[in-house]
Amino acid sequence: MGLISALQNAVSGLTVNSSQMNLISRNVANAGTVGYTRRVLSTRETSATGITAGAVLEVEVNRVLDSLLQKQLRLEAGGGAYSSTRADYLRRVDSLFGEPGSEAALNTIFGKFSTAMQQLAADPASPTARQNLLAQAQSMAATLNSLSENVQLMRGEIEAKIADQAEKVNTLLEGIEVTTKKLNEIYDSATRQGLMDQRDKYIDELSNYFDIRTFDNGTGNFNIYTTSGGPLFIEGRNLRLQFDERFAVSANSLYNQNPAQSTLGHLIIADPIGGQVDLTRNGLVKSGSMAALFDLRDNVLVETQAHLDEFAAAVTTSLGDRTISGTAATVGPQTGFDLDLNALQSGNVVTLEYTIQPAGTRQKVSFIAVNDPAALPLPAGSTADPNDVEYGIDFSGGFPAAIAAIGAALGAPFTVNDLGGGVVQILDDGAGNTRDVNSLSARATATALTDQGTALPFFVDGNAGSQLYTGSFDSGSQKRGYSSGIRVNPLLLSDPSRLVVYQTVPTTTSSGDPTRPSFLRDQLQSWETDFTPAISLTGSTAVYRGTAGQFLDRVIATQTQAASNAEALSEGQEVVLSTLRERAASISGVDKDQELADLVEIQNIYAANARIISAVRDMFDALLRI
């Protein structure tokens, strides 16, 4: 090797050593900087144009980064944000219901109401027992009102939180846009690595809100999508989130994919020229805090509200509804039942059960009374039983029209007759023997405190000005949000004697008659009904049937288990994230001890190159002296 080549190599070595020392200094200085990735120098030899004496080195700054680990960390960050957000709200929901057995727990308060009912049945003449029962009833109603209000407050809080997070995401998207543009304009490797760190920091934060995937073909085309294909960042498109926040959220505030019919906000990603995608539709967002918030707002808390409403409705109907059984009827070879419809209120249900022959298949038909034809057709699932056939029947035009509608709904081979005076007759096909009518009955709501049997309209719907609760669909589902408005009947509060006196013609023989209190006690403790949200309670599509108290116990157990599962999932996800962060830090983080050890090695190499230059200089001096 000639002196010139040796000199060039030594000078190149000094240049590289100087850059390495500067880079180590930068690494050490940024050891505690969040998002900083350790830098290293990459060098390669290139032919020096016009120089035949040797080679020069090209120096490039690169980041130490495991791209697969980075991708996994971002996906798990989305999962962590999703699970922690759900765990937080489910913990709050569980606390609302109270620890089972505690004084503030809903099942304890219901238990006190049930006990007060037993005490009245045991001593119906006692004014103290009557007042205690009403006080316990008011306490239970107030607790349900408060629970419902808190559930809706949480939904409103989530609506506001989505709007807030949308603004934060837009700030991140703007940062990604700016850094990506600079990366396409700057070619200095050291500056580019700093910009890439900055962009990665934005993307890492974005992964807390959404489940994301990044695409970079290395030619300046950089895009970000959710894992289901929802666009978040498309280079050059200036995409931004839009959220039409609703500021008043109630039990009747429900999400609909059609914005014109939705009473809750939609999350849109849009560009300045009008292109847009609704991220709340078609499962485009599956993880991250945004997915959790939408799931809580539109599913979890809606279901919690439904549980409260189902319980409130079950308690009300167990005390205030009575069963009207059909009377067996025979017309020639045909058999069936006659049923008096006069006591039916809007929302009350007539139930027909029959058997299809010769297969022996049993079928149930529910006729739901409505007084507003605009409510028809009724939504699917208007009754609790998912296996029945439902028909809304308009009673606003009188009994003949309603009975004709029942006949039209059933069709052949049944025979439906109007016996006059609001009595319907339903018969099988007789000799045809393809249908056997098994039963015909109805549940009718008592409308007065006396003279309608022992049933008592104990509670009313305060959402509609102390209206009777009948399960009406005339102005939407009366059941939805009923727990927020359940009240003790004010007529009963003004005359507690009606807890015992159930008829005035003739008048109940004694103020201490146990007939009504005993009936109410038995209904509250033993009457069973079907409950709509069976899937969440049983894990299947099977109908859950039980008493109001049994349903409440299941609801509380379900809420507690859901909160516990969410907490365990969140803790497990945090362990996964911590492990991945440690791995990422070991690869991309700055280890000061290692950096200082590398600095000592580079300084030794620097000294060796300096000695080579000094030796070459001495050799040139010797040559010049010859």
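This report walks through the fold content, helix packing, nonpolar cores and unusual backbone spots of the chain shown above.

## Overview

Please keep in mind that this is a predicted model. The chain has 626 residues, of which 45% are buried. Its secondary structure comes to 12 helices and 22 strands. Among contacts between residues at least 6 apart in sequence, 65% join residues at least 24 apart.

## Helix packing

Three helix pairs are worth a look, and the table gives their geometry.

| Helix pair | Crossing angle | Axis separation |
|---|---|---|
| Helix 2 (67-97) and helix 11 (548-588) | roughly 155 degrees | within 7 Å |
| Helix 4 and helix 5 (189-206) | about 160 degrees | 9 Å |
| Helix 6 (288-320) and helix 9 (515-526) | about 145 degrees | 8 Å |

Let us start with helix 2 and helix 11. Their axes cross at roughly 155 degrees, which makes helix 2 roughly antiparallel to helix 11. The crossing is left-handed. Sorted by class, the contact of helix 2 with helix 11 holds 18 nonpolar, nine polar and seven charged residues.

Next come helix 4 and helix 5, which pack at about 160 degrees. These two helices are therefore roughly antiparallel to each other, and their crossing is left-handed. On the helix 4 side the contact is made by Val169, Leu172, Leu173, Gly175, Ile176, Thr179, Thr180, Lys182 and Leu183. Helix 5 answers with Arg192, Leu195, Met196, Gln198, Arg199, Tyr202, Ile203, Glu205 and Leu206. By class, that contact has 10 nonpolar, four polar and four charged residues.

The third pair is helix 6 with helix 9, and here the crossing is right-handed. Helix 6 contributes Val315, Ser318 and Leu319 to the contact, while helix 9 brings Phe519, Leu520, Gln523 and Leu524. This contact has five nonpolar and two polar residues, with no charged ones.

## Nonpolar cores

In soluble globular proteins, nonpolar side chains tend to be buried together. In this model, the largest nonpolar core has 83 residues. Which of its members touch the most other members? They are Phe113, Leu206, Phe210, Met290, Phe458 and Phe459. Helix 4 (residues 127-183) supplies the largest share of this core, with 18 residues. A second, separate core has 26 residues, including Ala369, Ile393, Ile406 and Val437.

Phe113 makes a handy starting point for exploring the larger core. Setting aside residues up to four places away in sequence, Phe113 touches Leu133, Gln136, Ala137, Met140, Val315, Leu319, Phe458, Phe459 and Leu524. Several of these names have already come up: Val315 and Leu319 of helix 6 and Leu524 of helix 9 take part in the contact between those helices. Phe458 and Phe459 also appear in the list of core members that touch the most others.

## Backbone details

Two peptide bonds ahead of proline deserve a check in your viewer. The bond from Gln357 to Pro358 is cis, with omega near 5 degrees. Pro358 sits in the loop between strand 12 (349-356) and strand 13 (361-370).

The bond from Ala412 to Pro413 is also cis, with omega near 5 degrees. Pro413 belongs to the loop between helix 7 (399-410) and strand 15 (415-420). Is Pro413 buried or exposed? Its relative accessibility is 27%, so Pro413 counts as partly exposed. Beyond its neighbours within four places in sequence, Pro413 is in contact with Asp428, Asp429, Thr434 and Arg435. The C-alpha atoms of Pro413 and Arg435 are 7.5 Å apart, although the two residues are separated by 22 places in sequence.

Positive phi values turn up in two residues other than glycine. For Asp451, phi is near 65 degrees. Asp451 is found in the loop between strand 17 (435-445) and strand 18 (459-461), and this residue is partly exposed, with a relative accessible area of 40%.

For Ser466, phi is near 60 degrees. The loop that holds Ser466 runs between strand 18 and strand 19 (467-468). Ser466 has a relative accessible area of 39%, so this residue is partly exposed.

Technical notes. Residues numbered from 1 in each chain as written. Predicted model: local features only at pLDDT ≥ 70, side-chain atom pairs only at ≥ 80, totals over all residues. Heavy atoms only, no water. Axes fitted to C-alpha atoms, helices over the stretch in contact; angles between N-to-C directions. Helix = DSSP H or I, 4+ residues; strand = E, 2+ residues; numbered from the N terminus. Left-handed = near helix turned anticlockwise from the far one by under 90°. Contact = heavy atoms within 4.5 Å. Nonpolar A, V, L, I, M, F, W, Y, C, P; charged D, E, K, R; others polar. Parallel < 35°, antiparallel > 145°, perpendicular 65-115°, else oblique. Core = buried A, V, L, I, M, F, W, Y, C linked by side-chain atoms within 4.5 Å. Buried < 20%, exposed > 50% of the residue type's maximum accessible area, 1.4 Å probe, protein only.
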